[in-house]
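This report describes the fold of one protein chain and the surroundings of its ligand. Please keep the sequence and the model in view while reading.

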Amino acid sequence: MRIAVVGAGYVGLTTSACFAHLGHSVVCADIDEERVRRLNKGEVPILEKGLPELVAEGLASRRLQFVVGAANAARDAEVVFLCVQTPQGPDGAADMTYVENVAREIAPVLAPGTVVVNKSTVPVGSTRFVQRILSESGVRHDDVTVASNPEFLREGQAVHDFLNPDRIVIGCERPEAAVRVSDLYRRVDAPILVTDPASAEMIKYASNAFLATKISFINAIANVCEAVDADIREVALGMGYDSRIGFQFLHPGPGYGGSCFPKDVAALLRTATDAGYEFRLLQGVVEVNRAQHEQIVEKVRAAAGGVLAGAVIGVWGLTFKADTDDLRDSPAIAITRRLLEEGATVRAFDPAAAEAARALVPDLDDLPRRVPGGRRCRRDRAAHGVGRVPLARLRPGPRRDAPTRRRRRAQPPRPRRDAAAGIRLRRRRAPVSPR
Ligand SMILES: NC(=O)c1ccc[n+]([C@@H]2O[C@H](COP(=O)([O-])OP(=O)(O)OC[C@H]3O[C@@H](n4cnc5c(N)ncnc54)[C@H](O)[C@@H]3O)[C@@H](O)[C@H]2O)c1
């Protein structure tokens, strides 16, 4: 199928390269001319495992090309994916300006029968919103269908997640358009849920809000554990063995961050408030997360002897989590700023985002690759975010490390490898009955 993807960021670029890998013909557009120029030379501007290989494969097979301008991509497309940013607006709601701009740009070139798909994370009602913008721009309502197909990939695992999703969600009023979108994923082994647009849009927000809740919950439990001298790692391990709970997102640390959770939680709170529901549980999740940054600052203060002014502090890892170069809403950056405000000298190292971080926090010093003990900073440790290492290191208590064998058993099964694409594929799972 001929696909246009608008936006060559984490989601758009992954979507483009993966659809090309699945055999479709993809034109990916961005407004950033330099980005498009580099991509056409095979230079991938973001850190994503397996993505450079898939982009190279797509360019070589001519199934993937990059252009400047949404209209240039949408002209001959049967399906157009909108993958532009939806940042947090001043009132917490998602800022739909980029989506609206793209809808206006592509409207004049859309052929009758085209399906326009919102893949950006957009609030309930956005499918209708895009349909309205297209109508205002002269597109006949019956000629073009707008659908929702939210994306659930994780940065750092984007290619793997796109090709091995837990589920594919399609929200569409017209069954024939939903079938067209689902056909694009024919070679992907995952359950497909076709629903109405509002439910599809809500599934994305509810999923992210639930994961953020898990993170704030385990951080709150960690704080109680410290007060009563229980070991949070043992507690998380014991909880994770319960299949209803699972091990994921049970890692205490500096709180959630990144380009999705903070803004998506804020947007869902806005949606709830506008609908007349006071979502107190989610308000608590945000509050715990905010306080967790301060918790880390206090731990560092205590480790520095009670005074941060004049202390020299090393920070390994500035991105919001490992295996990404994304600094958006990184707790490491927020905590680093607080330490600097208190008069500390901060020496930081990040293998993937050092320069970008320095642009965000000009007062940062460089941390040498060698730590004082003479060991070399390991990349994985360096990329783990400020919270992981200090939290583990600063925590007193005799039973800090559970035996290795027990830890190994706690890990979920390892995925097998698809040698051709160099991508990890998950084993086929047995169907799970609803609980
Ligand atoms: N990053 C993630 O992990 C992730 C996961 C799931 C969903 N999402 C959602 O997907 C959407 C995109 O996120 P992202 O992280 O890929 O954003 P991003 O900022 O990395 O990429 C957006 C791209 O869109 C381009 N763009 C903006 N306006 C344009 C226009 N008019 N024409 C062409 N290109 C244009 C920008 O130049 C940029 O390259 C957001 O709504 C986000 O919430 C993100």
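In this predicted model, I3 of strand β1 stands opposite V79 in β4. The two strands, β1 and β4 (residues 79-82), pair in the parallel sense over four bridges. On the other pairing, β1 is joined to β2 by five bridges, and these two strands also run parallel. Within that pairing, A4 stands opposite V27 in β2. Strands of a sheet pair through backbone hydrogen bonds, either parallel or antiparallel.

The connection from β1 to β2 includes a helix: β1, α1 and β2 make a right-handed β-α-β unit. Is β1 itself enclosed or open to the outside? Four of the five residues of β1 (residues 2-6) are buried, so the strand is largely enclosed by the rest of the structure.

**The shell around the ligand**

The ligand is surrounded by 27 residues, and the closest are G7, G9, V11, S120 and T121. Three elements give two or more residues to this shell, namely α1 (10-21), β2 (25-30) and α5 (97-106). Which of them gives the most? It is α5, with four residues. By type, the shell divides into 13 nonpolar, nine polar and five charged residues.

Helix α5 also contains V102. With 25 other C-beta atoms within 10 Å, V102 is buried; the cut-off for this class is 20 or more. Apart from its neighbours within four places in sequence, V102 is in contact with V6, A70, L82 and V84. V102 and V84 are 18 residues apart along the chain, and their C-alpha atoms are separated by 8.4 Å.

**Further parallel strands**

Another parallel pair is formed by β7 (residues 168-171) and β8 (residues 192-195), which are linked over four bridges. In this pair, I170 has V194 of β8 as its bridge partner. Together with helix α8 (residues 175-184), β7 and β8 make a right-handed β-α-β unit.

Later in the chain, three strands form an open sheet in the order β9-β10-β11, with parallel pairing. β9 (312-316) and β11 (365-366) stand at the edges, and each has a single partner strand, so one side of each is left without a neighbour in the sheet. Five bridges join β9 to β10 (residues 345-349), and W316 has F349 of β10 as its bridge partner.

The following table collects the parallel pairs for which a bridge count and a pair of facing residues have been described.

| Strand pair | Number of bridges | Facing residues |
|---|---|---|
| β1 and β4 | four bridges | I3 and V79 |
| β1 and β2 | five bridges | A4 and V27 |
| β7 and β8 | four bridges | I170 and V194 |
| β9 and β10 | five bridges | W316 and F349 |

Helix α13 (residues 331-341) lies across β9 and β10, and runs at about 155° to β10. Which residues of α13 are buried? They are P331, A332, I333, A334, I335, T336 and L339. An α-helix has 3.6 residues a turn, so residues three or four places apart point the same way. After α13 comes G343, with a positive phi near 95°.

**Residues with a positive phi in the loops**

Most residues other than glycine have a negative phi. Two residues in this model depart from that pattern and are described here in turn.

R62 has a positive phi near 65° and is not a glycine. It lies in the loop between α3 (51-61) and β3 (64-68). R62 counts as exposed because it has 9 C-beta neighbours inside 10 Å, and the limit for this class is 12 or fewer.

D329, also not a glycine, has a positive phi of about 50°. Its place is the loop between β9 and α13. D329 has 17 C-beta neighbours inside 10 Å, so it counts as partly exposed.

**The chain as a whole**

How many helices and strands does the protein chain contain? Its secondary structure comes to 17 helices and 13 strands. Of its 435 residues, 42% count as buried. Among the contacts in the chain with a separation of 6 or more, 72% are between residues 24 or more positions apart.

Methods: Residues are numbered from 1 along each chain as its sequence is written. This is a predicted model: local features need pLDDT of at least 70, side-chain atom pairs count only at pLDDT 80 or more; totals for chains, interfaces and linings use all residues. A residue is near a molecule or strand if its C-beta atom, placed from the backbone, lies within 6 Å of it. Ala, Val, Leu, Ile, Met, Phe, Trp, Tyr, Cys and Pro count as nonpolar, Asp, Glu, Lys and Arg as charged, and the others, Gly among them, as polar. Two strands pair if DSSP finds at least two bridges between them. A crossover is right-handed if, with the strands pointing away from the viewer, the path from the first strand over the helix to the second runs clockwise. Two residues are in contact if their C-beta atoms, placed from the backbone, lie within 7 Å. Axes are lines fitted to C-alpha atoms, for helices over the stretch in contact, and angles run from 0 to 180 degrees between N-to-C directions.
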